[in-house]
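Here are my notes on the model you sent over. I've kept them as numbered points so you can follow along in your viewer.

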Amino acid sequence: MVLLVSSDNEQFSTDKDIICRSVLIRNILEDIGESDHAIPLPNVTGRVFKKVLEFCEYHRKDPFPLDENQQQDNLSKRKDCLPQWDKEFCDVDQEMLFEVIMAANYLDIEQLLDAGCITVASMIKGKSPEDLRRIFNIVNDYTPEEEAQIKKENEWAEDN
């Protein structure tokens, strides 16, 4: 068992094979060996870490990618075909989704990071700038003249 402590001092005890989906934790365990000391997670809250552990538990038996080329192959195959369980896992409120993505990045859990980023990509695909501002609560601080200039400079990027 591995003991971990979130940024809000919530303690988690989990099997090594579950949490070793995280390259960061795996490297820490390799460096310190077996220990009774808790591993601090200063960038992850308990609420988010519970979600991360749920993902790691479900994927605990999945093989690890062997090298960077295999990782790229897996990502290109998964872009539009996220497994159903992963889709449902990522079907959370926007705040939680972004916090899970940041935790996956910090903990170096590539499979979780990919699932989160693919989910966000599907959220923004085909949306107008106005739609994106609404979805992500972004304030438009451009004047109408500035916005017209940007649209003119980027006409090539419009889908016509």
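1. Let me start with a loop: where does Asn137 lie? You'll find Asn137 in the loop between H8 and H9. Its phi is positive, about 55°, although Asn137 is not a glycine. With a relative accessibility of 66%, Asn137 counts as exposed. Bear in mind throughout that this is a predicted model.

2. Asp108 is another non-glycine residue to check for its backbone: phi is near 60°, again a positive value. Asp108 is found in the loop between helix H6 (94-107) and helix H7 (110-124). At 37% relative accessibility, Asp108 counts as partly exposed, because the partly exposed class runs between 20% and 50%.

3. Now the overall picture. The protein chain has 9 helices and 3 strands, and reading along the sequence gives β-β-α-α-β-α-α-α-α-α-α-α. The chain has 160 residues, and 30% of them count as buried. If you take the contacts with a separation of 6 or more, 66% of them come from residues 24 or more positions apart.

4. On to the sheet. The 3 strands make an open sheet, ordered S2-S1-S3, with mixed pairing. Strand S2 (11-14) and strand S3 (39-41) each have a single partner strand and stand at the edges, so each has one side left without a neighbour in the sheet. On average, and ignoring direction, neighbouring strands of this sheet are turned by 30° against each other.

5. What is the sense of the pairing between S1 and S2, parallel or antiparallel? S1 and S2 pair in the antiparallel sense, over 4 bridges. One residue pair to look at is Leu3 with its bridge partner Ser13 in S2. The two strands form a hairpin with 4 residues between them, and Asn9 in the turn has a positive phi of about 65°.

6. The other pairing of S1 is with S3: strand S1 (residues 2-6) and S3 run in the parallel sense and share 3 bridges. Here Val5 has Pro40 in S3 as its bridge partner, while Ser6 stands opposite Leu41 in S3. Of the 5 residues of S1, 4 are buried, so S1 is largely enclosed by the rest of the structure.

7. Two helices deserve a look alongside the sheet. Helix H2 (residues 23-32) lies across S1 and S3 and runs at about 155° to S3. Helix H3 (residues 46-58) packs on the sheet and touches S1, S2 and S3, with its direction making about 15° with that of S2.

8. Staying with H3, I'd look at Val52, which lies in this helix. How is Val52 classed, buried or exposed? Its relative accessibility is 0%, so Val52 counts as buried. Beyond neighbours within four places in sequence, Val52 is in contact with Ala103, Leu107, Ile109 and Leu112. Take the contact with Ala103: Val52 and Ala103 are 51 residues apart in sequence, yet their C-alpha atoms are 7.7 Å apart in space.

9. Lys51 also caught my eye, and this residue lies in helix H3 too. Which class does Lys51 fall in? Its relative accessible area is 15%, so Lys51 is buried, given that buried means under 20%. Not counting residues up to four places away in sequence, Lys51 touches Phe89, Val92, Met96 and Val100. You may want to inspect that lysine and its contacts on screen.

10. Last, a pocket. The second largest pocket has a volume of about 260 Å³. Which helices each supply at least two residues of its lining? Those are helix H8 (129-135) and helix H9 (144-153). By class, the lining residues of this pocket divide into 7 charged, 3 nonpolar and 2 polar. Among the residues lining the second largest pocket are Lys127, Glu130, Arg133, Glu147, Lys151, Glu155 and Glu158, along with Pro129, Tyr142 and Ile150. Ser128 and Asn154 belong to the lining as well. To tie this back to my opening point, the loop between H8 and H9 is where Asn137 lies.

Note on methods. Residues numbered from 1 in each chain as written. Predicted model: local features only at pLDDT ≥ 70, side-chain atom pairs only at ≥ 80, totals over all residues. Heavy atoms only, no water. 1 Å grid on protein atoms, 1.4 Å probe; cavity = no way out; pocket = protein on both sides within 12 Å on 5 of 7 lines; lining within 4 Å. Points joined across faces, edges and corners; volume = space filled by probe spheres on them. Nonpolar A, V, L, I, M, F, W, Y, C, P; charged D, E, K, R; others polar. Pairing = 2+ DSSP bridges. Axes fitted to C-alpha atoms, helices over the stretch in contact; angles between N-to-C directions. Contact = heavy atoms within 4.5 Å. Buried < 20%, exposed > 50% of the residue type's maximum accessible area, 1.4 Å probe, protein only.
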